[in-house]
Amino acid sequence: MKLLIKQGTVVDPTGGLKGKMDFLLEDGRIKCIGSELYEPRAQVLNAEGCCVAPGLVDMHVHLRDPGFTDKEDIITGTAAAARGGFTSIACMANTRPVADSPEIIQYIRDKAHRQGSGTLVWPVAALSVGEKGQEMTDFRALKEAGAVALSDDGVPVMNANLMRDALLKAARAGLPILCHEEDRDMVQNYAVHEGRVSRQLGIHGRPAIAEEIMIMRDAMLAEETGQPVHICHISTEKGVAIVRRYKKRGVKITCETCPQYFTLTHEQVLLQGSLARVNPPLRPTRDRDAILEGLVDGTIDCIVTDHAPHTASEKALPLTEAPSGMVGLETSLALSLTRLYHTGLMSLEQVIQRMSTNPAKLLGLSKGWIGIGADADLTIFDPNESWVIDPVQFRSKGRNTPFAGTRVKGRVKYTIVGGRIIFADEGERCSMPM
Ligand SMILES: [Zn+2]
């Protein structure tokens, strides 16, 4: 099958491609890029007014399958990913059973392959058996089964000795470790950031230091072992400062953040209660501004969603009882473009680098670039289309977003994996001239 994309504006974070181009996709790869391509046997897709970027890669998604399929499953989760422009996603291991065995990794891959939307699913395996933080899983066997990284995400690894051993062993197995950084004793099961809002509500909070102390520990372990660590969903000013400092010293440390941390502050909890509950929690303005700075100067390598669907009844519980997390797959690109590109803080290339190129590289995937011979995984979006986020339209089972009713600018038009269109926006053609 051949697909010819006409007149799309290329967004190329790695090479020098610029301007309006045609792209011929054949046999799962980009066969040709040029200004006036012609191929009579190809399906033609008009991308006038749209950007053509390497497919988005989200390295932090909770698909909830197996075990919590009332919240989400692999079918709905990958459908949401396709609608959000994601051609590859990595799914976290805190399922039931926990993805700590080759069998569960295999189950996820098989189901995604057979019943998924076409978005490629790359499983993250648990670092410790049952995510209990005591005994390491079999890294090699998990890698052979198809795991691309290791993480006990959701359950911070409190045992520093285990983390140290795991870093050494993971490096030998060729798997990156992704760290959810919150000291469990300091955060307990508290709902919000410890500060003005928690005091106003008269409830316990999760202090920033709980995250920073763990980032510091793992930065030091990375330096001492010489092995890479990746910090998940960074949310505080000092956390960003630690990563910046250790990067400057040549330590192999990388990190990610999510749209909620560069868009919202803890004040949102006063407006939306449980819907604004997430781990780590939304922080004060200073922290949010530091996240923006870290994104702009490259300290923060990746934008991920931490897509964490929950049922409506779970999120209807009072703030202190509701589960933490928000969905993100179907709003991430629009929120990122609105907050980072349309404000002039970052170029389109910089945004796509953090949403595609860098996460692909960290996971060791041959994705995240555009050029002749590259995998034909592409995201086509209209950077200027304005729309209002409406959770009713979501393909995810989860409707738990604090962004309902928010006007955003930038909309996914087509998602293409292996040269095949896996999502097309109903409006079809791109609407606005750039
Ligand atoms: Zn996490």
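**Exercise 1.** Identify the residues of α1 that are buried, and decide how far this helix is enclosed.

*Solution.* In α1, the buried residues are Ile74, Thr76, Gly77, Thr78, Ala79, Ala80, Ala81, Ala82 and Arg83. A residue is buried if 20 or more other C-beta atoms lie within 10 Å of its own, exposed if 12 or fewer, and partly exposed in between, with C-beta atoms placed from the backbone. The model is predicted: local features need pLDDT of at least 70, side-chain atom pairs count only at pLDDT 80 or more, and totals for chains, interfaces and linings use all residues. Residues are numbered from 1 along each chain as its sequence is written. Helices (H or I, at least four residues) and strands (E, at least two) are DSSP runs, numbered from the N terminus.

Helix α1 covers residues 74–83, and nine of its ten residues are buried, so the rest of the structure largely encloses it. The packing partners of its buried residues are β6 (56–61), β7 (86–91), α2 (102–115), β8 (120–125), β17 (407–417) and β18 (420–424); contact requires C-beta atoms, placed from the backbone, within 7 Å. Just after α1, glycine 85 has a positive phi of about 90°.

**Exercise 2.** Determine the strand order of the open sheet that contains β8, and name its edge strands.

*Solution.* Two strands pair if DSSP finds at least two bridges between them. The order is β6-β7-β8-β9, with parallel pairing. The edge strands, each pairing on one side only, are β6 and β9.

Next, take the pairs in turn. Four bridges connect β6 and β7 in the parallel sense, and leucine 56 has phenylalanine 86 of β7 as its bridge partner. Four bridges also join β7 to β8, where cysteine 91 is partnered by proline 123 of β8. Two bridges link β8 with β9 (residues 149–150), again in parallel. Between these strands the chain passes through helix α3 (residues 139–145), and this β-α-β crossover is right-handed: with the strands pointing away from the viewer, the path from the first strand over the helix to the second runs clockwise.

**Exercise 3.** Establish whether the faces of β8 are covered or open, and place α1 and α2 relative to the sheet.

*Solution.* On one side of β8, Leu120, Trp122 and Val124 are buried, and on the other Val121, Pro123 and Ala125 are buried, which covers both faces. Six of the six residues of β8 are buried, so the strand is largely enclosed by the rest of the structure.

For the helices, axes are lines fitted to C-alpha atoms (for helices over the stretch in contact), and angles run from 0 to 180 degrees between N-to-C directions. Helix α1 lies across β6, β7 and β8, at about 135° to β7. Helix α2 lies across β7 and β8, at about 170° to β8.

**Exercise 4.** Test the length of helix α11 against its expected span, and list its packing partners.

*Solution.* The expected span is 1.5 Å times one less than the number of residues. For the 13 residues of α11 (residues 285–297) this gives 18 Å, and the end C-alpha atoms are 18 Å apart, which agrees.

Its buried residues include Asp287, Arg288, Ile291 and Leu295. The buried residues pack against α8 (237–248), β14 (253–257), α9 (259–263), α13 (332–341) and α14 (348–363). Just after α11, glycine 298 takes a positive phi of about 90°.

Notes: Two residues are in contact if their C-beta atoms, placed from the backbone, lie within 7 Å.
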